[in-house]
Amino acid sequence: MRSGIVAVAGRPNVGKSTLVNALVGHKVAIVSDKPQTTRRRIFGIANGTDYQLVLADLPGFQRPLDTLTERMQHTVDAAFEEVEGVVFVLSARERIGAGDRFIAQRVFSLGVPVVIALNKVDRLKPGHIAQQMNAAARLGDFHALHPVSAKTGDGVGALRDELVSLLPQGPLYFPPEQDSDLSTELQIAELVREKALALTRDEVPHAISVEVDEIDEKVVRARLLVETESQKQIVVGRGGSIVKEIGTRARPEIEALLGRKVFLELVVKVRPRWRRDGATLDRLGV
Ligand SMILES: Nc1nc2c(ncn2[C@@H]2O[C@H](COP(=O)(O)OP(=O)(O)OP(=O)(O)O)[C@@H](O)[C@H]2O)c(=O)[nH]1
Ligand SMILES: [Mg+2]
């Protein structure tokens with residue numbers, strides 16, 4: 001049995017969480033087209049007959065702006081301890097530049113193998129991919145470089161094999177049927193937040209957090225927190241249309257998770273400056 005943790009690092013929005021889901025073969029982390037979707041470390045666990053590959057999905061590297069983003073960056077820094085390797089995710093659709101070089105300095109100095117995953121190669125011309133692979137290769141002394149599409153699954157199997165080959169002999173850290181370390185409550189909160197992110201834009205997505213208050217046989221109650229009255233109006237929507245749509249989209253996934261039908265009761269609450277409030281962040285698990 002081979003087992004161990006591999007950290008998944010990179011700039012915001014390059015597709016780290018999408019890639020973790022593809023490697024695990026199941027949705028364990030939420031995804032959105034807005035940067036800073038992932039706020040906490042999530043273990044996505046890929047179980048094979050003779051391996052357990054634990055992927056630490058992380059927030060994107062960023063310059064902290066408030067207590068929330070400070071904690072997110074701290075999570076990233078702390079996650080590199082005791083890993084067998086790092087997947088350094090890049091987006092083939094963007095210029096590989098200063099942001100990536102900044103992260104490269106960090107990950108190539110850890111003393112563990114770094115596997116570069118050049119993501120989002122779907123629908124790119126081969127010449128363009130080759131050019132981006134060259135730029136990626138100049139970032140540091142990598143162990144392997146894999147062009148992948150987390151979206152279509154292209155290259156993901158080969159990347160998984162590569163990562164498993166980095167693992168030492170070891171025990172099962174999690175029961176083999178488990179694919180994430182998030183509690184049911186946190187998974188539900190994340191699913192609701194994912195739908196809220198998809199339905200809002202500009203500054204609003206960053207100001208949204210979700211707390212689950214109750215999960216009982218028939219009802220799940222959750223609160224969407226925002227920071228201002230105007231954000232609340234946006235998330236509620238005209239006549240409640242937006243919050244209703246968030247619920248409509250989240251409910252089937254929550255039901256699949258719980259294995260039963262439930263009512264989903266969502267309320268939107270203003271909690272001024274929650275992103276700077278340590279006690280709220282503690283409760284949200286960030
Ligand atoms: N075309 C394409 N889009 C992708 C691919 N992988 C991810 N995306 C998209 O990229 C966006 C960001 O994906 P995420 O997985 O949330 O990115 P992330 O790196 O986890 O982002 P943060 O958590 O905010 O740091 C989403 O809109 C994804 O659908 C890919 O292989 N191809
Ligand atoms: Mg993410």
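**Exercise 1.** In this predicted model, find which residues come nearest to ligand 1.

*Solution.* Step 1: take the residues around ligand 1, which number 23. Step 2: pick out those that come nearest, namely K16, T18, Q36, T37 and D122. Step 3: ask which element gives the largest share of this shell. That element is α1, with 3 residues.

**Exercise 2.** Describe the polar contacts of ligand 1 with S17, T37 and D122, using a cut-off of 3.5 Å between N or O atoms.

*Solution.* Step 1: start with the backbone. An N or O atom in the backbone of S17 lies 2.9 Å from an oxygen atom of ligand 1. For T37, a polar backbone atom is 2.7 Å from an oxygen atom of the ligand. Step 2: turn to the side chain of D122, where an N or O atom is 2.7 Å from a nitrogen atom of ligand 1. Step 3: consider the cover. On its own, ligand 1 has 650 Å² of accessible area, and the protein covers 92% of that. Step 4: locate the site. Ligand 1 sits in the largest pocket.

**Exercise 3.** Name the protein donors of the magnesium ion (ligand 2), and explain why the pair ties together separate parts of the sequence.

*Solution.* Step 1: the donors are OG of S17 and OG1 of T38, lying 2.0 to 2.2 Å from the ion. Step 2: S17 belongs to helix α1 (residues 16-24), while T38 is in the loop between α1 and β2 (42-47), so the pair joins parts 21 residues apart in sequence. Step 3: are these donors buried or exposed? Buried means under 20% relative accessible area. S17 has 9% and is buried; T38, also at 9%, is buried.

Key: Residues are numbered from 1 along each chain as its sequence is written. Chains are lettered from A and ligands numbered from 1 in the order in which they are written. This is a predicted model: local features need pLDDT of at least 70, side-chain atom pairs count only at pLDDT 80 or more; totals for chains, interfaces and linings use all residues. Side-chain values use heavy atoms; hydrogens and water are left out. Donors are N, O and S atoms within 2.8 Å of the metal (3.2 Å for Na, K and Ca); water is not among the atoms, so sites may look incomplete. Helices (H or I, at least four residues) and strands (E, at least two) are DSSP runs, numbered from the N terminus. Buried means under 20% relative accessible area, exposed over 50%, partly exposed in between (1.4 Å probe, protein chains only). A residue is near a molecule or strand if one of its heavy atoms lies within 4 Å of it. A polar contact is a pair of N or O atoms within 3.5 Å; within protein, one must be able to donate a hydrogen and the other to accept it, and residues adjacent in sequence count only if both atoms are side-chain atoms. Accessible areas come from the Shrake-Rupley method with a 1.4 Å probe; for residues, only the protein chains shown count as cover. On a 1 Å grid over the protein atoms alone, a cavity is a set of points where a 1.4 Å probe fits but cannot get out, and a pocket is an open set with protein on both sides within 12 Å along at least five of seven lines; lining residues have an atom within 4 Å of a point. A molecule sits in a cavity or pocket if more than half of its atoms lie within 2 Å of its grid points.
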